[in-house]
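Okay, thanks for coming, everyone. I'd like to walk you through one structure today, so have a look at it on the screen while I talk.

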Amino acid sequence: MPRKDASSQLTAPLAWTVLILSVAQAMAVIIPLALFGGEPNDDGVDLLISPAGYAFAIWAVIYVLSAVTGYIFVRGLDSGTQYGKRLAVDLAIACGAAALWLIVSAASIDWLPSILLTVIAIALLDAARIAALTVESPSSTTTLVRITIGIYAGWATAAVFVNWASDIARSGAADESSAGWQLVVLIVAALVAVTVTYLYGSALPALPITLAWALLAIAVNAWSDSTPIAVTAVVGIVAVALAYWASTRRTSVSEGALSRT
């Protein structure tokens, strides 16, 4: 197995940066309520592909796990991964961008929330790639990081498509009540979900679970308004489950081949 390179490991300043920004993103929830009297993304756009309201409770889980991960980084200066420095940079970028996203989204600033959420998703998918790499001696920190990154990356990957769709509808370029274009967005989102699940799902099962959570919430919300979208979301869940099975199968075959060499 690959060994950790000392130059790629976590440093104290970087660990503290992750902790501070993880706390900042949680505290930033208060700002939209205090300054704008609304919640993040409370823009009046009611998309057919929006998840049901209960699904957004996952943000609380993300905030807690991010802060706990930051604390563990500071306490032990270990990420439980091969490339702790890069993973910490990714997580810091995601937390910092999320804090800004909470504010600009509530302020209804067009397009900027979607841009920030795209930055978050890209950073977290890179973190997922790192977290999924095999480590010589997996630890409890490895498990924590994989759960945190899996959930955060899964939710951000799903949310970014809804955010862009909201901006498109709000700009008047498309009708928020029209199912056709939203169905295309959902299919693309499901294909991305299947791809990242196949790539990282075996090591990060929290990733496909979160993607399935988002798709299920979309199906629940759309069930009475758009059967095609609801059914497509359910098919997406099945596809993610199959991608996870394929990912675990690929991993077991690879490990079996290595054990015979």
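Let me begin with one residue, V188: at 38% relative accessibility, V188 counts as partly exposed. By that I mean between the two cut-offs, since buried is under 20% relative accessible area and exposed is over 50%, with a 1.4 Å probe and protein chains only. V188 sits in helix 7. Its C-alpha is 8.6 Å from the C-alpha of F161, and the two are 27 residues apart in sequence.

Before I go on, a word on where this comes from. This is a predicted model, where local features need pLDDT of at least 70, side-chain atom pairs count only at pLDDT 80 or more, and totals for chains, interfaces and linings use all residues. Residues are numbered from 1 along each chain as its sequence is written, and side-chain values use heavy atoms, with hydrogens and water left out.

Now the overall picture. How many helices and strands does the protein have? Nine helices and zero strands. Helices here are DSSP runs of H or I with at least four residues, strands are runs of E with at least two, and both are numbered from the N terminus. Of the 261 residues in the protein, 48% are buried. The protein exposes about 11,900 Å², and carbon and sulfur atoms supply 69% of that; those areas come from the Shrake-Rupley method with a 1.4 Å probe, and for residues only the protein chains shown count as cover. Then contacts, meaning heavy atoms within 4.5 Å. Take those between residues at least 6 apart in sequence: 84% of them join residues at least 24 apart.

Back to helix 7. Helix 7 covers residues 179-200, and its 22 residues should span 32 Å at 1.5 Å a residue; the end C-alpha atoms are 31 Å apart, which agrees. The expected span, by the way, is 1.5 Å times one less than the number of residues. Which residues of helix 7 are buried? Among them are W181, Q182, V185, L186, A189, A190 and A193. If you see a rhythm in that kind of list, remember that an α-helix has 3.6 residues a turn, so residues three or four places apart point the same way.

Next, helix 8. Helix 8 has 17 residues and reaches 24 Å from its first C-alpha to its last, close to the 24 Å expected at 1.5 Å a residue. Its buried residues include A206, L207, P208, T210, L211 and A214.

So what does helix 8 pack on? Helix 6 (residues 140-171) and helix 8 (residues 206-222) pack at an angle of about 35°, with axes 7 Å apart. The axes are lines fitted to C-alpha atoms, for helices over the stretch in contact, and angles run from 0 to 180 degrees between N-to-C directions. On the helix 6 side, the contact is made by I147, G150, I151, A153, G154, W155, T157 and A158, and on the helix 8 side by A206, L207, T210, L211, W213 and A214. How do those residues divide? Into 10 nonpolar, four polar and no charged. For that count, Ala, Val, Leu, Ile, Met, Phe, Trp, Tyr, Cys and Pro are nonpolar, Asp, Glu, Lys and Arg are charged, and the others, Gly among them, are polar.

Staying on helix 6, V162 is there too. V162 counts as buried at 11% relative accessibility. Leaving out residues up to four places away in sequence, V162 touches L47, I49, S50 and P51. The C-alpha atoms of V162 and L47 are separated by 8.2 Å, with their positions 115 residues apart along the chain.

Another spot to click on is P113, in helix 5 (residues 112-131). P113 is buried, at 4% relative accessibility. Apart from neighbours within four places in sequence, P113 is in contact with W101, V104, S105 and N163. V104 is in helix 4 and is buried as well, with a relative accessible area of 11%. With residues up to four places away not counted, V104 touches I109, L112, P113 and L116.

Last, two backbone oddities. Most residues other than glycine have a negative phi, and most peptide bonds are trans. L77, though, has a phi near 50°, a positive value. L77 is in the loop between helix 3 (58-76) and helix 4 (84-106), and is partly exposed at 39%. W111 has a positive phi too, near 70°. W111 lies in the loop between helix 4 and helix 5, and is partly exposed at 34% relative accessibility.
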